[in-house]
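User: I am new to this structure. Please take me through some of its labels and the reasons behind them.

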Amino acid sequence: MPKPSPKPQATSAYSSKSTQDEWAAFRLPEHCYFNLRIIDDGGQELAGGRKLHELQQQLGQAAAVTFRDNTQEFERDNVTTWDIGTLPESIKFARGKQQLTGYLGLQKEKDGRIALRLFDTTEAAEQAHRQGVIELMKLQLKEQVKDLNKGIQGFTQAAMLLKHINADTLCDDLTQAVCDRAFIGEDELPRNEKAFKEQIKRARSRLPAVKEALSRYLQETAAAYAELNGKLGKHPLTHLLKLRLQTLLAAGFATRTPWAQWPRLPSTSKP
């Protein structure tokens, strides 16, 4: 008796073989996307198109500059101490026929000085204000920062093991990481003089412990890096491990690494 022919297998256009890259590259016909037009206060079209991300990139920086040009009355240059009163969470003001909301925060300028600036988003204000507060606290804690800049315990040996990073760059990065944790950590950012002075007191008391902890983490991480680096030539995944190390321990890694992840960093640098 002849064997029955095998049944054809059903196929699907949405097969599991489709990769994420294929989906990412897939595009609908152009007419399926919204045609966006950006209009200014006077009704003039500033830009248009169907790619929102490109429009955001094109106009985002210009919008921030325009916003800044209309907020100078709220801002101040060269802040060296907390003599700026209480900073409200937000400020509402008019520009033409529009009611706008700005968010105040300190900011470290390109020349290293500190300024009071009004930002167009809460995220930008909070990020800048954190760094601005840290820089302002450094001015009040000059001796402690000067001591930090000399390098934490075990720095010389760690710098030799992490020789792919410039020693001065590494030192500055570690100093900033210590300051960020000791000066602010998980605390709410100060927005008035009283809170700022209380933050300085906390920073003084926390600084030795944070400095000691980071010194220990750094030495453990550098030792783990050296151990792994010595075994890379024999490891079948040498290329992937090098890429991983470049990501984990590139210049600036100290400030990029969340404090809670520091104890795990040495283990992630081991084979």
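Analyst: Start with a network of salt bridges: it links Glu75, Asp77, Glu109 and Arg117. This is a predicted model; local features need pLDDT of at least 70, side-chain atom pairs count only at pLDDT 80 or more, and totals for chains, interfaces and linings use all residues. Residues are numbered from 1 along each chain as its sequence is written, and side-chain values use heavy atoms, leaving out hydrogens and water.

User: What makes Asp180 and Arg130 a salt bridge?

Analyst: A salt bridge needs a side-chain nitrogen of Lys or Arg within 4 Å of a carboxyl oxygen of Asp or Glu. Asp180 and Arg130 meet at 2.9 Å, N to O, so the pair fits the definition. Asp180 lies in helix α6 (residues 167–184) and Arg130 in helix α3 (residues 122–140), so the pair ties together parts 50 residues apart in sequence. Helices here are DSSP runs (H or I, at least four residues), numbered from the N terminus.

User: How many salt bridges does the structure hold?

Analyst: The structure holds 15.

User: Why is Gln199 called buried?

Analyst: Buried means under 20% relative accessible area, exposed over 50%, partly exposed in between (1.4 Å probe, protein chains only). Gln199 has 1% relative accessibility, so it counts as buried. Gln199 sits in helix α7 (residues 193–231).

User: And why is Asp147 called partly exposed?

Analyst: Its relative accessible area is 37%, so Asp147 is partly exposed. Asp147 also forms a salt bridge with Lys211, with the closest N and O atoms 2.7 Å apart.

Terms used: Helix = DSSP H or I, 4+ residues; strand = E, 2+ residues; numbered from the N terminus.
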